[in-house]
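Visitor: I have a model open and some questions about its strands and pockets. Can you walk me through them?

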Amino acid sequence: MKTIPLWIGGKAVAAAATRNAPVTNPSTGAVSAQVPLCDAADIDRAVQSARAAYAGWRDTPPVRRARVLQQFLQLLQANQKELARLASEEHGKTLPDAMGSVQRGIEVVEFACGIPHLLKGEYAASVGTGVDVHTLRQPLGVCVGITPFNFPAMVPLWMFPMAIACGNTFILKPSEKVPSCSMKMAELFTAAGLPDGVLNVVHGDKVAVDALIAHADVAAVSFVGSTPIARTIYETCAKHGKRVQALGGAKNHAVVMPDADIDFAAESLVGAAFGSAGERCMAISVAVAVGEVAEPLVAAIRAKAEKIPVGPSDADGVEMGPLVTAAHRDRVSGYVDKGVAEGATLVLDGRGFKVASHPDGFYLGPSLFDQVSTGMSIYRDEIFGPVLCVLRVNSLDEAMAMINANPYGNGTAIFTTSGEAARRFEQEIQVGMVGVNVPIPVPASFFSFGGWKASLFGDLHAYGPEAVSFYTRGKVITSRWPHQESKATGLNMPTLG
Ligand code: NAD
């Protein structure tokens with residue numbers, strides 16, 4: 001059985017830890033490798049490597065850092081298929097879906113290549129007589145990224161390219177369910193000319209994460225995962241005086257107005273609810289049908305969803321693969337049981353779905369519930385699987401009140417042909433990322449990604465310009481060069497001018 005190594009000091013090294021976890025192929029159910037679950041000693045080794053590399057990388061001019069990123073970008077492009085294959089094999093998403101997600105990660109590196117421009121400061125001449133002010137943005141030190149299972153390449157790429165472009169060194173702790181993309185990317189970045197120790201990869205569970213976020217030499221933590229863990233990470237990092245951004249879970253609503261193009265809305269919702277087997281933080285898990293649109297909308301979604309080809313992630317023509325683990329498949333299936341017990345109408349039942357050629361894979365078919373209400377657990381909880389709930393309301397006001405009362409605020413969408421409805425929705429909805437006739441409004445890499453409320457703990461969003469703010473500290477320098485005419489201010493508060 002292959003054991004996945006760590007990446008420390010620019011090379012693959014064995015972990016000292018003795019605990020391991022299996023890595024499975026969800027399409028077949030077979031264990032493909034073991035991943036070590038690092039202990040505090042392994043984590044310290046990675047932190048010391050990142051710490052030793054920091055001064056040299058910090059002092060490397062941004063334009064030279066950008067040249068290494070440009071080489072990395074080329075290697076990522078050349079290896080996009082391989083990264084997609086690894087993501088698909090360990091996660092279970094289809095190959096075309098995995099290609100798309102790797103592409104969205106690569107776009108962050110494209111943005112990071114502009115780092116010399118992004119780090120430029122401000123300058124104001126003569127704020128007082130002979131007094132000038134300028135600003136600097138300086139890196140933080142050793143930064144940490146902790147990532148979820150559902151985007152094995154893309155979410156790590158939200159973090160380490162921007163942190164490293166800013167002059168930090170980095171330790172990535174990917175989900176122990178999908179370790180291989182991170183290892184491949186560290187290998188590629190090293191081949192691109194990244195100095196040893198600037199990017200390190202460790203593996204593990206709570207033990208590794210606890211050691212990372214308590215380590216005295218770690219300056220900042222970026223986390224993406226479920227809400228309860230995001231909240232704990234945020235609180236613990238704050239207690240240890242670390243800068244932190246912790247992106248959490250979601251319950252994303254799409255409002256369908258009576259004037260919407262029903263076929264277009266249904267097609268969009270089916271893609272957004274069942275793509276990647278619903279294991280996306282921006283998946284639409286709730287459709288809010290306004291007025292008379294409900295009946296035809298549910299019929300159209302059902303007609304499309306029941307035709308989705310479900311099967312092994314690498315098979316031609318398959319559009320929905322398995323869930324990530326057997327335990328997660330059973331949890332999602334359990335929610336379908338709960339929805340039935342709670343009184344929702346099960347229009348399409350994905351439970352018990354089998355692929356004859358792959359009897360041990362972790363499959364479920366798409367499930368569709370109608371007549372769901374806000375008190376039901378299938379509405380309240382993040383299911384993170386191929387289950388779409390339809391709630392019926394009478395007006396846009398009612399739809400917006402429901403979304404604004406929901407504790408999550410990651411993404412949302414409205415389907416309408418009315419500019420007035422779309423504008424009101426855009427202005428008044430309490431959610432961080434909003435789509436107008438766009439079901440999964442993941443911002444382009446030159447904007448930033450982040451939800452509101454229980455979907456993000458912290459102030460700054462991931463990638464894009466906000467990542468430059470997150471991974472640097474600002475400094476303001478006020479300078480004066482004459483000793484000629486002006487006088488020092490003595491004990492009084494200095495005034496300008
Ligand atoms: P998870 O919270 O179980 O795990 C995330 C990371 O935390 C992993 O690296 C894991 O090893 C680590 N971890 C697990 N248990 C821990 C513990 N007790 N203490 C410390 N660390 C721990 O999430 P997941 O199941 O891997 O991913 C799915 C979740 O991630 C969903 O809730 C999804 O909505 C969310 N997600 C959010 C975004 C976003 O941008 N908001 C993006 C992708 C996924």
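Visitor: In the hairpin of β3 and β4, which residue takes a positive phi?
Guide: This is a predicted model. Strand β3 (residues 20–25) and strand β4 (residues 30–36) pair in the antiparallel sense. Four residues lie between the strands of this hairpin. The one with a positive phi, near 85°, is Gly-29.

Visitor: What is the bridge partner of Val-23 in β4?
Guide: β3 and β4 pair over six bridges. Val-23 has its bridge partner in β4, and that partner is Ala-33.

Visitor: Why is one side of β14 and of β19 left without a neighbour in the sheet?
Guide: Start with the strand order, β14-β15-β16-β13-β12-β18-β19, in an open sheet of seven strands with mixed pairing. β14 (345–348) and β19 (433–436) therefore have one side free, because each stands at an edge with a single partner strand.

Visitor: By how many degrees are neighbouring strands of this sheet turned against each other on average?
Guide: Direction is ignored for this angle. The average turn between neighbouring strands of this sheet is 20°.

Visitor: Which helix packs on the sheet touching β12, β18 and β19?
Guide: Two helices can be compared with the sheet here. α12 packs on the sheet against β14, β15 (367–370) and β16 (387–393), with a direction at about 25° to that of β15. The helix touching β12 (252–256), β18 and β19 makes about 165° with the direction of β18. That helix, residues 419–428, is α15.

Visitor: In which sense do β18 and β19 pair, parallel or antiparallel?
Guide: Strand β18 (residues 411–415) and β19 are joined over four bridges. One partner pair is Ile-414 with Val-436 in β19. The sense of the pairing is parallel.

Visitor: Which element gives the largest share of the lining of the largest pocket?
Guide: The largest pocket has a volume of about 940 Å³ and is lined by 38 residues. Elements that give two or more residues are α8 (206–214), β10 (218–224), α9 (227–239) and α12 (326–342). The largest share is six residues, and that comes from α9.

Visitor: How many residues of that lining are charged?
Guide: The lining draws at least three residues from each of domain 1 (6–248 + 455–477) and domain 2 (252–436). Lys-177 is among the residues nearest the pocket's centre. By class, 16 lining residues are nonpolar and 13 polar, while the charged ones number nine.

Visitor: Which helix gives the largest share of the lining of the second largest pocket?
Guide: This pocket has a volume of about 330 Å³. It is lined by 13 residues, with Glu-267, Val-270, Gly-271, Ala-272 and Glu-319 nearest its centre. Six lining residues are nonpolar, three polar and four charged. The largest share, five residues, comes from the helix of residues 262–274, α10.

Notes
Residues numbered from 1 in each chain as written. Predicted model: local features only at pLDDT ≥ 70, side-chain atom pairs only at ≥ 80, totals over all residues. Heavy atoms only, no water. 1 Å grid on protein atoms, 1.4 Å probe; cavity = no way out; pocket = protein on both sides within 12 Å on 5 of 7 lines; lining within 4 Å. Points joined across faces, edges and corners; volume = space filled by probe spheres on them. Nonpolar A, V, L, I, M, F, W, Y, C, P; charged D, E, K, R; others polar. Domains from an automatic or database assignment. Pairing = 2+ DSSP bridges. Axes fitted to C-alpha atoms, helices over the stretch in contact; angles between N-to-C directions. Contact = heavy atoms within 4.5 Å.
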